[in-house]
Amino acid sequence: MTVAVRPATASDAADLGRLIRALAAFDGVPERVRFTRAQLTAALSGPAPRLHALVAERGGVVLGFVSYTIDFAIWTGGEIVRVDDLFVTGTCRGQGIGRRLLAAVADLALARGAAVCWEVEPANAAAQAFYRSLGVELRPKIAARWWPDAMAAFRNAPAATGRRTP
């Protein structure tokens, strides 16, 4: 049976939710997942969905996904596709599903004349080898995540002068 890649729709919210939770567990941060199925459904709905994703399915079973945004590229004045997450269920890895998902991302980016960028965990050697096999340039860069609790602590802490940060 072949694997089909297609845009995710609101009817995929349950499957996407399952895969996102599996990704968070794989990354060791399951507590960071707080969405509801209703939130995912809403984000995938309407004429301008807030969540863009492609799903890979075989026999009606969703096996993987890639989520992305299309943003303004300040250096070129064009667009850039930013991959948020790529995930394939563990039992299906090594079957070309991730390659098919990224091929679909490449097609949409090429149609827009856009580059694609994303992050990869430094310890994920398998993902890095996979990306290199596609011709992806891997550059060292530190990803910054400013979670709401850290921002609130920063905003409420006295500055070095003893005053609250403006």
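**Figure 1. Cysteines of the predicted model.** Cys-92 is buried, and its relative accessible area is 7%. The model shown in this and the following figures is predicted. Cys-117 has a relative accessibility of 26%. Cys-117 is therefore classed as partly exposed, since buried residues must fall under 20%. The number of disulfides found in a search of the whole structure is 0. A disulfide would be a covalent bond linking the sulfur atoms of two cysteines.

**Figure 2. The protein as a whole.** The secondary structure consists of 5 helices and 5 strands. From the start of the sequence to its end, these elements follow the pattern β-α-α-β-β-β-α-β-α-α. Along the principal axes, the C-alpha atoms occupy a box of roughly 65 × 35 × 35 Å. The protein has 166 residues, and 29% of them are buried. Its exposed area is about 10900 Å², of which 58% comes from carbon and sulfur atoms. Among contacts with a separation of 6 or more, 54% are between residues 24 or more positions apart.

**Figure 3. Strand β2 and its two partners.** Strand β2 covers residues 52-58 and is mostly covered, with 5 of its 7 residues buried. Strand β1, made of residues 4-7, runs antiparallel to β2 and is joined to it by 4 bridges. The pairing of β2 with β3 is also antiparallel, and it extends over 7 bridges. Ala-56 of β2 can be used to locate both pairings: Val-5 stands opposite Ala-56, and Ala-56 in turn stands opposite Gly-64 in β3.

**Figure 4. The hairpin of β2 and β3.** In this hairpin, 2 residues lie between the strands. Gly-59 has a positive phi near 60°. The strands of the hairpin pair in the antiparallel sense, and one of the facing positions is that of Ala-56 and Gly-64.

**Figure 5. A nonpolar patch on the surface.** The patch is formed by Phe-72, Ile-74 and Trp-75. Together, these residues have about 510 Å² of accessible area. Ile-74 belongs to the loop that connects β3 (61-72) with β4 (79-88). Is Ile-74 buried or exposed? Its relative accessible area is 69%, so Ile-74 counts as exposed, the cut-off being over 50%.

Methods:
Residues numbered from 1 in each chain as written. Predicted model: local features only at pLDDT ≥ 70, side-chain atom pairs only at ≥ 80, totals over all residues. Heavy atoms only, no water. Patch = residues over 30% accessible without salt bridge, like charges linked within 9 Å, V, L, I, M, F, W, Y side chains within 5 Å. Areas by Shrake-Rupley, 256 points an atom, 1.4 Å probe, with all protein chains shown as cover. Salt bridge = Lys/Arg side-chain N within 4 Å of Asp/Glu carboxyl O. Buried < 20%, exposed > 50% of the residue type's maximum accessible area, 1.4 Å probe, protein only. Pairing = 2+ DSSP bridges. Contact = heavy atoms within 4.5 Å. Disulfide = S-S within 2.5 Å.
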